[in-house]
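Me: Hi! Could you walk me through a few backbone oddities in this one? I'll put it up here so we can both look.

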Amino acid sequence: MSTVNSGLVHDLLVELDRTGPLPLHRQIESALREGIRAGRLPFGSSIPPSRRLAAELGISRGVVVEAYDQLVAEGYLVSTPGSYTRVAAAPEQIVTEPAAPPSPGPRIDFGYGRTDAASFPRAVWLRSLKRVLTTAPHDRLNYLDGYGVPELRKSLADYLTRVRGVSATPSQVLITSGFGQAGALVLQVLADRGGKRIAVEDPSADDDIRPLAVRHGFEVVPLPVTADGVSVEALERSDADLVMLTPSHQWPLGGVLPAEARAAVVRWARTTGALVLEDDYDAEYRYDRAPVGAVQGLAPDVVIYAGSLSKTLAPGLRLGWLVLPPHLTSAVAEAKLLADRGSPAIEQLAFADFLVRGEFDRQLRRMRPVYRRRRDALLAALAEHLPDLEPTGIAAGLHAVAWLPDDLDEHAVVTAAADHGVQVAGIAPYRLTKPGRPGLIIGYSSLNEAQITEGIRLLAEAITTMLPATSATRAEGTPAGAGRRAR
Ligand SMILES: Cc1ncc(COP(=O)(O)O)c(C=O)c1O
């Protein structure tokens, strides 16, 4: 609690910078504001008369008066005729800019690219953390090299070989801060080696490789994506030094690159001397399709494999990895060392422990049916409320794409959904070549089944508001949310 103090504060601790851009009266204001907020100028205390402070600071009185007047207007000071100006008696009296009302946020957020953070296995992770903190040799707390801790490189090489069909020895594994950094390191090394062109899927994520490639001066070549993944013919024409692919679950459309296309990509890389960056971002979540191994397993000499914990455990861990062709390892490790001197060792060790104890497998086994039920709830709700939307990319991953009928404007649907409290993304922002088929990206991983059903019902209502109000639908007394496409 603040006490009222009616004494005179003799030293306001105002220091003026006469060379800086901030006017003197603003400097006095902010020094006093800070003093009041920090309690150095107690509530109720008197501050020196403007004439005296002006003399002490060697400035004109008008400057001090202007500052005091402003603080009176803001409620920090009270001025009474014939008396000292005082610090306002109570903090509640301080009038600040009225805060903008907090935005309520969407009622249902179909945001993609996230895990169910509430399902993070905290207790088990904590046990791994405790174990490694207790047992790790002191040397593990020292500076690292650019490759990562040996324990994790070894356990990841074993895991990726076993589960993803990756061809990896520990010496090829390099630990990064997620895929974002993995891609940045690869681009850096390629740029240093004179790379000029990068081929990317169209549509594809727009927040890592694409902007980074532009920053490094690469030309970005879009490759059209169909339901089966990227167009190999376009790749063969691209003259690219690197192609960036999401072959096991194309982001965002969800296709799996077929075997012939995989072989053709590898052939292209070997013939042209180019490289493939394989982003295996959510391969672990597969519901009703056969497992598909990593392309890297076919051609470890030309494919750079990248993975991350962001879709399986938590993006906040910032842990990812690369499996590199041997001729790239030392250059990428050097870039990693330059970037951040290595990822945090304790987290790396904890994940290694988590992996070797089978906890990662267990967590994936636990989450697969959870996400599958959510995916099924989404499909059921779409079938019930929006049967004219065509789901795709649903056999795996943590989001689905729903194609919209061609005559519905994607942006207008996203806006109408937001007006109905539903956040959903369109595909257009991720396209390099526009326009394209309209569609929505619907993330379901962090919503329960009831929320998913409610979200799709609201989306249907939103879409109904966009349809021409036909006399037929009205006359039949169709309930809200019903219509030609939305029911
Ligand atoms: C296509 C794709 N790959 C990988 C990732 C993971 O990135 P990071 O490991 O940097 O979190 C994401 C994240 O959203 C993504 O959309």
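Me: Is D239 buried, exposed or partly exposed, and why?
Reply: D239 counts as partly exposed because it has 13 C-beta neighbours inside 10 Å, while a buried residue would need 20 or more and an exposed one 12 or fewer. Bear in mind that this is a predicted model.

Me: Thanks! Where does D239 sit?
Reply: You'll find D239 in the loop between α8 (232-237) and β8.

Me: And what about the phi of D239?
Reply: That phi is positive, about 55°, even though D239 is not a glycine.

Me: OK, over to R318. What is its phi?
Reply: R318 isn't a glycine either, yet its phi is positive, at about 50°.

Me: Where is R318, then?
Reply: Look in the loop that runs between β10 (303-308) and β11 (320-323).

Me: Why does R318 count as partly exposed?
Reply: Because R318 has 17 C-beta neighbours inside 10 Å, and partly exposed covers what falls between 12 or fewer and 20 or more.

Me: Changing topic: which residues does a cis peptide bond join?
Reply: One such bond joins W251 and P252, with omega about 5°. Another joins K434 and P435, where omega is about -5°.

Me: Nice. Where does P252 lie?
Reply: P252 is in the loop between β8 (242-245) and α9 (259-272).

Me: And where should I look for P435?
Reply: Go to the loop between β15 (425-426) and β16 (439-443); P435 lies there.

Conventions
Residues are numbered from 1 along each chain as its sequence is written. This is a predicted model: local features need pLDDT of at least 70, side-chain atom pairs count only at pLDDT 80 or more; totals for chains, interfaces and linings use all residues. Helices (H or I, at least four residues) and strands (E, at least two) are DSSP runs, numbered from the N terminus.
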